[in-house]
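Me: I am new to this structure and would like to learn how to read it. Please take a few features in turn.

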Amino acid sequence: SMPDVFELYQQSKERGSYLSPDPEELDIVESLFTRMLEGERGEQLAAQWRKLGYRLQRARLNNLVVLALSEDEKKRKGRGFYLFPLEQTGSSLLMIPHRFFDMHTGPIGLKLYAAGSFAGAAWNTVHRHKKSTTGNGFRRDNDNLPNWDLADLEGSYFTALTRAFNRTFPQGHLIQVHGFSREKRNSWEGRDSDVILANGTMTPPQDLIEFADCLKLNMGVMVRVYPHEIRDLGAMENVSARITDNFGNRGFIQMEMSLGLRQDILKSKELNKVITGCMQESWY
């Protein structure tokens, strides 16, 4: 019988710590991701993923059948969990880099994937501050917590996927879902926002602003765009934002959501459809 996506997703986080892949492996991974995003499917691809310790298999997500890419249980290195459609249709990529640290963003990603039509989706599989077996990768602020932050880390499967996506969809949108804590924000705008949108530059493009307007209108929540409406959470350090910008693509979007909104999306049948509907309305 076909495995369930949620079960594979849950298993993907067990007993792994992060091991940095070497450049040769990343080149192979980038080319495999590129082939998947271009729509290639089949046994040859699955065999090449197996060599890297990944299983590519059909799985059930609600009433959808999708392709799940998950690490072999005996070979987990914190390289991520991925979903792809059986047939390539969408031109947006969904990324959840902090599924443990940003509460509820993981299952929200699954809900969004099921509601939209994405070219692919990615989740991290190791907590960003979990101790690593190799002991490298400490955070910039040097407080001795390891940093396996896939929004931040160079040379990860997430950066390989970002490059593959930008090659395949030079006008595509890469949406990263994050959570922020209103209490921790210093500005009143930060404490008062439900959604903060940024593209990692000081000049967000028109389609980001249209997306923000659509969310405001259809969700009835406070949405602010960096830097015109808020000076917090601009994604200026985000590695996927930088890579996307270097490709000349303006389509990176960091979507930061308050805890209250994340809880509402988890409980609601409609809010995930509103969000993916706004993506489609603004970008296609």
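The dialogue below goes through a strand, a helix, aromatic rings and a disulfide.

Me: What kind of model is this, and how are its residues numbered?

Reply: This is a predicted model, in which local features need pLDDT of at least 70 and side-chain atom pairs count only at pLDDT 80 or more, while totals for chains, interfaces and linings use all residues. Residues are numbered from 1 along each chain as its sequence is written, and side-chain values use heavy atoms, with hydrogens and water left out.

Me: How many residues of strand β9 are buried?

Reply: In a regular strand the side chains alternate between the two faces of the sheet. Helices (H or I, at least four residues) and strands (E, at least two) are DSSP runs numbered from the N terminus. Buried means under 20% relative accessible area, exposed over 50%, and partly exposed in between, with a 1.4 Å probe and protein chains only. In β9, residues 252–258, seven of seven residues are buried. One side carries Phe252, Gln254, Glu256 and Ser258, and the other carries Ile253, Met255 and Met257.

Me: Which strands pair with β9, and in which sense?

Reply: Two strands pair if DSSP finds at least two bridges between them. Strand β6 (residues 173–180) runs parallel to β9 over seven bridges, with Gln176 opposite Gln254. Strand β7 (residues 195–198) pairs with β9 in the antiparallel sense over four bridges, and there Leu197 has Met255 as its bridge partner.

Me: Where do the buried residues of helix α9 lie around its axis?

Reply: An α-helix has 3.6 residues a turn, so residues three or four places apart point the same way. In α9 (residues 259–267), Leu261, Arg262 and Ile265 are buried. They span an arc of only 100° around the axis, which places them on the same side of α9; the arc is that of the directions from the helix axis to the C-beta atoms.

Me: How many aromatic pairs are there?

Reply: A pair of aromatic rings is described by the distance of the centres and the angle of the planes. Rings of Phe, Tyr and Trp (its six-membered ring) pair if their centres lie within 6.5 Å; planes under 30 degrees apart count as stacked, over 60 as edge-to-face and the rest as tilted. By this rule there are 13 aromatic pairs. The rings of Phe165 and Phe169 have centres 5.3 Å apart and planes at 35°, so this pair is tilted.

Me: Which cysteines does the disulfide join?

Reply: A disulfide is a covalent bond between the sulfur atoms of two cysteines. Here it is taken as a pair of cysteine sulfur atoms within 2.5 Å. The one disulfide found joins Cys214 to Cys278. Cys214 is in helix α7 (residues 206–219) and Cys278 in helix α10 (residues 271–283), 64 residues apart. Both cysteines are buried.
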